[in-house]
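Me: Please take a close look at the aromatic cluster in this predicted model. I should like one connected account that begins there and then follows the charged side chains and their pairings.

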Amino acid sequence: MTTRYDILIVGAGHAGAQAAIVLRQMQFEGTVALLGAEDDLPYERPPLSKDYMAGDKPFERLLIRPESFWHERKVALLLGRRVTHVEPDRHQVRTADGDAIGYGTLIWATGGAPRPLTCQGAEADGVHAIRTRVDVDAVMARLPQVERVVIIGGGYIGLEAAAVLTKLGKQVTLLEALDRVLARVAGEDLSRFYEAEHRAHGVDLRTRAMVAGIETDAEGRARAVRLADGTRIACDLVIVGIGIIPAVGPLLAAGAAGANGVDIDAHCRTTLPDIYAIGDCAAHGNRFAAGGQVRLESVQNANDQAKVAVQDILGVPQPYDAVPWFWSNQYDLKLQTVGLSSGHDATVLRGDPATRSFSVIYLRDGAVIALDCVNAVKDYVQGRALVTAGARVAPASLADASVPLKAIAIA
């Protein structure tokens, strides 16, 4: 007998959990189930590479809501289960253990899996990703026996892990294949600042470093990373942070449109009937990306798309039009980003990086499209209006840190 729910949410991360929360906030009284591949209750993921790995925040404080919350609101938790097939014609999914679960409406919120290395030794013992609690627990369990760590990938996950592991006294080497860290998400001013900070804290940070393989000992444990130029970097642990692969295979196999993720419209609807997609796995047109199709890997996007999908399901549609924002904590530096800098053709440096409090403002065709703010909360808060409006401001005015951004006239 097939179990059926009025709304089945596949994926129990930020997006899926928020969808269930909003459904009950909006007084939806039908049956709701939250199905997740992990055994844990829905929890916050950003702290995994920061406070949690550092041992500063216990897992219980990462929970999005306590277990009692879900029971009180009659949200069925189907944890430790993975959907392998979607059958739109039957309005049901099938799980890895062979169960069929029916739905009236399906919300797909599965996020993604860490992108693996493809070189020799990529699956060796001691090679880890940082995506789930299980991933980080495995790293933490090894740390007492670890002195040397190699981190592959100079994005936010890699840099945050480097900051934490350095704080814990480990010898850290960070490898980035491109010519600078954060190259895909930030301008050169920000990249060079963070490279200098990490090196000042003792990280051996190397750019243009192409990994050729992982060398192992007789027991199959990772003992060195070998670069394309023949350089050998000894290690006791390897962390890989080179992005994610959207977990949309079953949807695409069922006929949903998509490539890098699953395509959705302004109301988070896929091309399959009664199926929505939200969060990291959802590719959508975004006016802050010049109308281009993007996937946004952020809590903001997960939460906002959850609300958009639920509103459409409940008959009060509001198209997605949220300003993207992100954050990263490294050492005593708080980076806050608003907008999307991809496609910028000019930057303005506001403040002095030497003071460790400054902002980089990104322009496209003379309009403000994004800000990266390092220990500059006021710029972040006040700059949001400039991004939302696509304001055209003289670069000299933006660069004058003595004038608050809120005092700049928006053209």
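Reply: Y43, Y52 and F59 form one aromatic cluster. In this predicted model, a search of the whole structure finds six aromatic pairs. One of them lies within the cluster: the ring centres of Y43 and F59 are 5.2 Å apart and the planes stand at 65 degrees, so the pair is edge-to-face. An angle over 60 degrees is what places a pair in that class. Y43 belongs to the loop between β2 and α2, and F59 to the loop between α2 and α3 (67-72), so their contact ties together parts that are 16 residues apart in sequence. Y43 is buried, with a relative accessible area of 3%, and F59 is buried as well, at 8%.

A further edge-to-face pair is made by F69 and W70, with 5.1 Å from centre to centre and 85 degrees between the planes. F69 counts as buried at 11% relative accessibility, while W70 is buried with a relative accessible area of 0%.

Two of these rings also meet a charged side chain. R133 lies over the face of F59, 3.8 Å from the ring centre. F69 has the charged end of R65 over its ring, at 5.2 Å from the centre. F59 thus takes part in the aromatic cluster and also has an arginine over its face.

From rings, the account turns to pairs of opposite charge. Side chains of opposite charge can pair when their charged atoms come close. With a cut-off of 4 Å between a side-chain nitrogen of Lys or Arg and a carboxyl oxygen of Asp or Glu, the count comes to 32 salt bridges. Among them is the bridge between K50 and E160, whose closest N and O atoms are 3.3 Å apart. K50 lies in the loop between β2 (32-36) and α2 (51-54), whereas E160 is in helix α5 (residues 156-167), so this bridge ties together parts that are 110 residues apart in sequence. Both K50 and E160 are buried. The loop between β2 and α2 therefore holds Y43 of the ring pair and also K50 of this salt bridge.

R94 and E87 form another salt bridge, at 3.0 Å from N to O. Here R94 is partly exposed, with 28% relative accessibility, and E87 is buried at 17%.

A salt bridge also joins D236 and R148, with an N to O distance of 3.2 Å. D236 sits in the loop between β14 (232-234) and β15 (237-240), and R148 is in strand β9 (residues 148-152), so the pair connects parts that are 88 residues apart in sequence. D236 is buried, with a relative accessible area of 14%; R148 is partly exposed at 31%. Both residues belong to a network of salt bridges that links R148, D217, E219, R221, R223 and D236.

The network leads to a hairpin. Strands β12 (residues 211-216) and β13 (residues 222-227) run antiparallel and are joined by five bridges. Within this pairing, E215 stands opposite A224 in β13. Five residues separate the two strands of the hairpin, and G220 in the turn has a positive phi of about 85 degrees. R223 of the network falls within the residue range of β13.

Notes:
Residues are numbered from 1 along each chain as its sequence is written. This is a predicted model: local features need pLDDT of at least 70, side-chain atom pairs count only at pLDDT 80 or more; totals for chains, interfaces and linings use all residues. Side-chain values use heavy atoms; hydrogens and water are left out. Helices (H or I, at least four residues) and strands (E, at least two) are DSSP runs, numbered from the N terminus. Buried means under 20% relative accessible area, exposed over 50%, partly exposed in between (1.4 Å probe, protein chains only). Two strands pair if DSSP finds at least two bridges between them. Rings of Phe, Tyr and Trp (its six-membered ring) pair if their centres lie within 6.5 Å; planes under 30 degrees apart count as stacked, over 60 as edge-to-face and the rest as tilted. A charge sits over a ring if NZ of Lys or CZ of Arg is within 6 Å of the ring centre and within 35 degrees of the ring normal.
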